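Student: I have not met this structure before, and I would like to be taken through one part of it slowly. Please put the sequence and the model in front of us, and then we can begin.

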Amino acid sequence: MESEKSKSAEKKKKLYRNKRSKKKEIPLKPSNNKRSTTKKKNGGSGLVLASKLLPTRIPILAIRQRPFFPGLPVPLEIIGENPLNAIDWASESTNKTLGLVLMKDPSGEEVPENLHRVGVAAKIIKTVDVDSEVLQVLTNCLERFTIKRIEVGEEGLFAQVEYHYALELSVNMELKACSLAIISCLKELVKLDPLQAEAIKIFLSRSSLNDPGKLADFAAHLTTAEGVELQEILETFDVRTRINRVLALLHRELELSKLQRKITKQIEEKISDQQRNFFLKEQLKAIKKELGLEKEGKTTEIEKFEERLVSLQLSPEAKQTLDEELEKLKVLEPISPEYTVTRNYLDWLTVLPWGKYSSDSYELGQARKILNRDHFGLEDVKERILEFIAVGKMKGDISGSILCLVGPPGVGKTSIGKSIASALGRRFYRFSLGGMRDEGEIKGHRRTYIGAMPGKFIQSMKTVGTANPVIMLDEIDKIGSSFHGDPASALLEVLDPEQNSSFRDHYLDVPFDLSNVLFVVTANHTETIPLALLDRMEVIRLAGYILEEKMQIARRYLIPKVVQSHGLNRSQVKIGERSLRNMINGYAREAGVRSLENVIKKIVRKSTLELVEKAKKKIVINTQDVESYLGKPVFASDELAEHIPGVVSGLAWTNLGGVTLQVEATAVASQRKGFKQTGQLGVVMVESSEIAYSYVMARSKELGLESNFFDNHFVHLHVPAGAIPKDGPSAGITMATALVSLIKKKPSKKGLAMTGELTLTGRILPIGGVKEKVIAARRAKYKSVIFPEGNRKDYEELPAHLKRGLKVKFASHFDEVCQWALGSK
């Protein structure tokens, strides 16, 4: 088989050698020297022995990475048809010579245009066949040459070349000094890079100071310079210039080696310190073990878990599971992956507050004091919380209670939860459900998953250390769902008093009692909360604050807090009563006080800047200063609706609280009747407008209107602030009143606002958000309000200070609305 393989390779080589092809000659830039004489390294000319002359036409072998230099042995591995042809041609020639030329673009093709002009001639010393396509060749580089002409054919590249023979020079002191400098650099490189030591020693033993050119070539070959830089050295025929360039490369190489040595030393020292510390710790551990001062890690862990068990009151199932896991841990090796899983599981089981409860405080006086200290206003909410605590005092516990605080942002829902915990003397824990999409966040992950952990409720139990804390679930109305599961459905078990006494987390997989936890849930509105979840909670609504309440909150809480946080005292910044009122009306009209706090912060920041820059001792914010500090008001002043026919004021509820809105109606004389609504109204509001239009048109005679008015007019109904979406049924009577006012050409009573849903029969149905709408009416300085009769009970439950100075009418039919809004007093 070996002989057949050798014959096949030899046959292939003969085929390569027997190919004949037409050559295409490509002339290169001609040289000024037309003679065949040689050139000295220092620019002179000399004679060369005929036996040392090299052929002027040689095959060219393209080199991709780095050029080679004269006087050095070079091993090559030849792959490909054209390179094999070049080797075969050179091997058959008398001189066995070929040219090694660096390519300009290593990734390009082996074409004349991609070759440098200067290369090195190499003599083939030995060839070894690896297989039919790979040939290993040992060559010895001889002399530099310049390509004069190149031929391209099927056998490869052939070139007419002119050699630059390295002749002996008369060494002067300058060249000798340069040679010594190169040798000195090489010796330093040997110290820094021992891998090159043997090659440098062999070369120095065979060379002398009388051949500085050869020394420079060898030194350049040892560097890690790029191929372009080495090609520049190869093309430098003048010895002095070449030595200077090589010295620059050597100095750069020395700096690089020193830096590499420094980095290596730092790494070795760091590793050595780590190993030393490791061995010392192991020795110390062994000594302590022998003296009985320390036990093995596994024994220590098991004793820690058993010590924790003494103070825990585990359920029978949890006790059985824990005993089984402890027995498993005792037989597992610490290096086993299951050891870590079991250890973490036992750690969670034993760190939970099984049977640990904090004592509740049912002192109503103390609870009232805490609520009044932390919050101003919200008397109905405080009263409901005190009732809740009183019931707990009579029962002896408040288990199974889930409160849901619903209200716009900034009204104090979260702080009320903290006050409840403080009043009861319980630990408090809060986490947000907003944006939560993974069921595992609620019920944990199976232990089989990498990085598995218990859910938020078990984590909260570990954090507070008691089994009866107050846990606040913030933003429950913003909970989501995804392919990971539905967290809202997972909450059903947690928030159900009949089920949470045996809550089973996926990670623990044993029941844990959550029935003694007081859950306080917050939301901005209840529409997005699943009904099954809402049914499990007791809803307490926080409508927001009126102007007087906001002013008191700012005086008692916000201004002192902001002034202190800016490094000032109360005497340095003073905000007047009217200034504060303007700030609330013009810049912080939301139901909560979060925007008001931001406005106060802005005022105090600018005041602090003035105190520092102008060296003032005190700044008083007057009414005229508010706009200069805060800019133009964000909210226009709440003026009453224009007192003209066809314009009526209504009341609406939004997520941010109650607002006032104006309904405008106008008519255009037309031969065809029609009706149009504008103002970015929602579907329900459009339906309300159509009901109002149909009702007024159907009862024109009873309402005392022109019978043919709608036949001869096109009616347009508009709700201003068209950029804001609006929806809801509560503007029905407002729209109908605006149409009647338009047709009768009689304006509604001044200072009157109304709200209520209208039916086609004229009945007025109750609406929601009574408290928010009353607050909005007071803020806009309306003196009279019309509510549906069905909302009388809601209005009567409002605090007295909200109803003070407000005249309210309750209507059950639209005829009553027309009488009060458009009739005589």
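Student: Looking closely at strand S21 (residues 674-678), how many bridges join S21 to S22?

Tutor: Strand S21 (residues 674-678) and S22 are joined by 5 bridges and run parallel, where two strands are said to pair if DSSP finds at least two bridges between them. This is a predicted model, in which local features need pLDDT of at least 70 and side-chain atom pairs count only at pLDDT 80 or more, whereas totals for chains, interfaces and linings use all residues. Residues are numbered from 1 along each chain as its sequence is written, and side-chain values use heavy atoms, with hydrogens and water left out.

One of the bridges can be followed by residue, since Phe675 has Val715 of S22 as its bridge partner. Val715 also belongs to the covered face of strand S22 (residues 713-718), together with His713 and Leu717, while Phe714, His716 and His718 form the uncovered face.

To place this pair in its setting, the protein has 27 helices and 27 strands, these being DSSP runs numbered from the N terminus, helices (H or I) of at least four residues and strands (E) of at least two. Of the 825 residues in the protein, 44% are buried, a word that stands for under 20% relative accessible area, with over 50% called exposed and the range between called partly exposed (1.4 Å probe, protein chains only). Of the contacts in the protein between residues at least 6 apart in sequence, 74% join residues at least 24 apart, a contact being heavy atoms within 4.5 Å.

Parallel pairing can also be followed in an open sheet of 5 strands, whose order is S11-S12-S15-S10-S16. Strand S11 (428-432) and strand S16 (538-541) stand at the edges of this sheet with a single partner strand each, so one side of each has no neighbour in the sheet. From one strand to the next, the twist averages 20 degrees.

Within the sheet, strand S10 (residues 402-406) and strand S15 (residues 518-523) pair in the parallel sense over 5 bridges, and Ile402 has Phe519 of S15 as its bridge partner. Helix H12 (residues 379-395) packs on the sheet and touches S10, S15 and S16, with its direction at about 150 degrees to that of S16. Helix H15 (residues 456-464) also packs on the sheet, where it touches S11, strand S12 (470-474) and S15, and its direction makes about 150 degrees with that of S11. For these angles, axes are lines fitted to C-alpha atoms, for helices over the stretch in contact, and the values run from 0 to 180 degrees between N-to-C directions.

At the edge strand S11, the pairing with S12 is parallel over 5 bridges, and the bridge partner of Phe428 in S12 is Val470. The side chains of S11 alternate, with Tyr429 and Phe431 pointing to one face and buried, and with Phe428, Arg430 and Ser432 pointing to the other face and not buried.

Helices meet one another as well, and one such meeting joins helix H18 (residues 547-565) to helix H20 (residues 594-613), whose axes come within 10 Å and cross at roughly 50 degrees. H18 and H20 are therefore oblique to each other, on a scale where angles under 35 degrees are roughly parallel, over 145 roughly antiparallel, 65 to 115 roughly perpendicular and the rest oblique. From H18, the residues Lys550, Ala554, Leu558, Ile559, Lys561, Val562 and Val563 meet Leu596, Glu597, Ile600, Lys601 and Val604 of H20. H20 also holds Ser607, which counts as buried at 0% relative accessibility. When neighbours within four places in sequence are left aside, Ser607 is in contact with Val573, Ile619, Ile621 and Tyr629.

A second residue worth following is Pro487, which lies in helix H16 (residues 487-494) and is buried with a relative accessible area of 0%. Pro487 and Gly440 are 47 residues apart in sequence and 7.9 Å apart in space, taken from C-alpha to C-alpha. Not counting residues up to four places away in sequence, Pro487 touches Met436, Arg437, Asp438, Glu439, Ile442, Ile479, Gly480 and Ser481.
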